[in-house]
Amino acid sequence: MKQNNLVLAIACIVLFFVYDNCRAQIAASPGLVAVKKAIENTNTLYFNLFEKNDKSIVNLYTEDASLLAPNTPPIAGRKALEKDFEDTFAAGKVKGVKFQTSNVYGDSKEYVTEEGTWQVFDLQGKLLDDGKYLKLWRRTKVGWKIFRDLFNSNHKAQ
């Protein structure tokens with residue numbers, strides 16, 4: 001009986017430390033606060049570049065980035081991303097994309113994960129679609145860049 005209590009006590013202590021470590025990564029640590037601000041600034045720049053059909057938007061991604069859009073194979077690498085943005089801009093149906101960061105997770109050293117919601121607008125500013133996303137960001141020599149970009153709609157496929 002005493003051995004069961006000891007095992008239970010050790011398990012509780014271990015779980016406390018695991019929980020506390022996870023909570024610390026979500027909490028507003030100074031490093032994570034700065035990263036979240038950098039991500040929000042990049043997301044604003046993304047919106048502005050997208051609105052102008054500016055192909056330099058691909059510079060917000062790492063060279064080996066992947067866009068993991070629903071119902072399509074991964075769009076991997078800078079050249080594939082350039083082609084995808086060119087095709088999207090040429091189609092002329094979407095005027096803007098907006099992101100709202102809800103959480104940033106990680107240790108803010110090399111990688112962090114951003115969780116949030118997105119909206120897509122047509123040429124008149126009308127909402128076309130909305131959903132949620134996860135972005136894996138990687139620290140580079142020039143700052144934080146998108147390494148993996150995964151999103152899906154809140155609505156059923158038509």
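Colleague: Let's start at a helix end. Which residue just after α3 takes a positive phi?

Modeller: That is Gly92, with a phi of about 65 degrees. Keep in mind that this is a predicted model: local features need pLDDT of at least 70 and side-chain atom pairs count only at pLDDT 80 or more, while totals for chains, interfaces and linings use all residues. Residues are numbered from 1 along each chain as its sequence is written, and side-chain values use heavy atoms, with hydrogens and water left out.

Colleague: Thanks! What makes α3 count as a helix, and what span should it have?

Modeller: A helix is a DSSP run of H or I with at least four residues, a strand a run of E with at least two, and both are numbered from the N terminus. With 14 residues, α3 passes that minimum. The expected span is 1.5 Å times one less than the number of residues, which for α3 gives 20 Å. Its end C-alpha atoms are 20 Å apart, so the two values agree.

Colleague: Why is Ser108 called buried, and what is Asn53 called?

Modeller: Buried means under 20% relative accessible area, exposed over 50%, and partly exposed in between (1.4 Å probe, protein chains only). Ser108 has 12%, so it is buried. Asn53 has 36%, so it is partly exposed. Each has a positive phi without being a glycine: about 55 degrees for Asn53, near 65 degrees for Ser108. Asn53 sits in the loop between α2 and β1, Ser108 in the loop between β3 and β4.

Colleague: Why do you say that the buried residues of α3 line one face?

Modeller: The buried ones are Arg78, Leu81, Phe85 and Phe89. Taking directions from the helix axis to the C-beta atoms, they fall within an arc of 65 degrees, so they line one face. On the other side, Lys79, Ala90 and Ala91 are exposed. The buried residues pack against α2, β1 and β2.

Colleague: What makes the largest nonpolar core a core?

Modeller: A nonpolar core is a set of buried Ala, Val, Leu, Ile, Met, Phe, Trp, Tyr and Cys residues joined through side-chain atoms within 4.5 Å. Here that set has 27 residues, and Tyr46, Phe50, Ile57, Tyr61, Phe85 and Val112 have the most contacts inside it. The largest share, six residues, comes from α2. As for Val112, beyond its neighbours within four places in sequence, its contacts (heavy atoms within 4.5 Å) include Leu32, Ile39, Trp137 and Trp144.

Colleague: How do you know that β1 and β2 pair, and in which sense?

Modeller: Pairing requires DSSP to find at least two bridges between the strands. β1 and β2 have two, so they just meet it, in the antiparallel sense. The bridge partners are Leu67 with Ile75, and Ser66 with Ala76. These strands form a hairpin with six residues between them, where Asn71 in the turn has a positive phi of about 60 degrees. β1 and β6 have four bridges and pair in the parallel sense, with Tyr61 bridged to Ile146.

Colleague: Why are β2 and β3 called edge strands?

Modeller: The open sheet has six strands in the order β2-β1-β6-β5-β4-β3, with mixed pairing. β2 and β3 each have a single partner strand, so one side of each lacks a neighbour in the sheet.
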